[in-house]
Amino acid sequence: MPRHRIQLINPNTSQAMTETMAITARKIAGSRLDIDAVCPDEGVPSIEGHFDEAVATLGILQQIRAGEDRGVQGHIIACFGDPGLLAAREVATGPVLGIAEAAMHVASLVATRFSIVTTLPRTVIIARHLLHRYGFHDHCAAVHAIDLPVLSLEDGSGMAQQKVREYCLRAKEQDNVGAIILGCGGMADLATQLSDELQMPIIDGVSAAVTLLESLLNLGITTSKWGDLDFPRNKGISGPYAACLPSSLTP
Ligand code: 2AL
């Protein structure tokens with residue numbers, strides 16, 4: 001198999017979270033994939049709501065374009081709300097995976113029901129919308145919020161990690177599920193240890209997305225340009241948005 005090059009796009013501006021996710025992604029990829037880990041220079045430091053997702057989307061689209069221009073073959077949107085996913089697929093040639101959809105697909109392959117442990121309560125509704133959109137609503141028993149902000153996972157205190165563990169234990173005891181999904185990219189480094197401790201699949205979307213993306217690349221499957229995911233029509237887009245489009249489409 002040829003060695004593929006992918007990019008992990010952290011849509012928030014946190015370098016620390018980008019690094020946490022890059023370490024996990026590279027561990028899973030071993031020597032089979034080259035992984036560029038990128039995040040925007042400007043935007044929101046964490047994504048915890050619809051406004052944050054809207055702000056982050058322009059950066060994601062620009063990163064997709066810039067990545068393909070330097071030879072990246074596939075992309076991961078490494079935020080559990082999967083912001084801008086379908087728009088990213090329109091501007092990309094290679095496959096684009098969101099970490100929430102990757103985690104849900106993987107969980108559904110090893111368990112009939114799963115729960116999700118996420119950050120702030122306001123992100124619960126985002127996860128619920130995604131469950132409906134991807135068809136996994138009936139698979140999900142509960143979405144739990146640790147009630148701490150995303151960046152608490154990077155503050156070095158270990159408090160957020162402790163809460164994630166507590167909620168995973170509670171979900172295992174009370175939800176009658178076979179797997180638990182970690183509902184934030186900043187939790188990527190916790191899955192292996194929690195799986196060992198709880199003796200059940202604890203699924204991190206970053207690892208799931210790396211593995212699924214590698215499979216798509218090995219199969220030679222790219223984003224379909226037949227139908228709604230075709231490149232956007234060239235209508236003379238202006239401003240920073242022009243940097244999101246393939247150069248063949250920009251005036
Ligand atoms: C996220 C995530 O994964 N990264 C971020 O900034 N916000 N979503 C979440 N539910 O915590």
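Biologist: Which residue just after helix 6 takes a positive phi?

Modeller: Asn176 does, with a phi of about 55°, helices being DSSP runs of H or I with at least four residues and strands runs of E with at least two, numbered from the N terminus. This is a predicted model, in which local features need pLDDT of at least 70, side-chain atom pairs count only at pLDDT 80 or more, and totals for chains, interfaces and linings use all residues. Residues are numbered from 1 along each chain as its sequence is written, and side-chain values use heavy atoms, leaving out hydrogens and water.

Biologist: How do you know that the span of helix 6 agrees with its 16 residues?

Modeller: The expected span is 1.5 Å times one less than the number of residues, so residues 159–174 should span 22 Å, and the end C-alpha atoms are indeed 22 Å apart.

Biologist: Which residues of helix 6 are called buried?

Modeller: Ala160, Val164, Tyr167, Cys168 and Ala171 are buried, a word that means under 20% relative accessible area, with exposed over 50% and partly exposed in between (1.4 Å probe, protein chains only).

Biologist: Why do you say that these buried residues line one face of helix 6?

Modeller: Judged by the directions from the helix axis to the C-beta atoms, they fall within an arc of 105°, so they line one face, whereas the face turned away carries the exposed Met159, Glu173 and Gln174.

Biologist: What makes strand 6 and strand 8 edge strands?

Modeller: Strands pair if DSSP finds at least two bridges between them; in the open, parallel sheet ordered 6-5-7-8, strand 6 and strand 8 (202–204) each pair on one side only.
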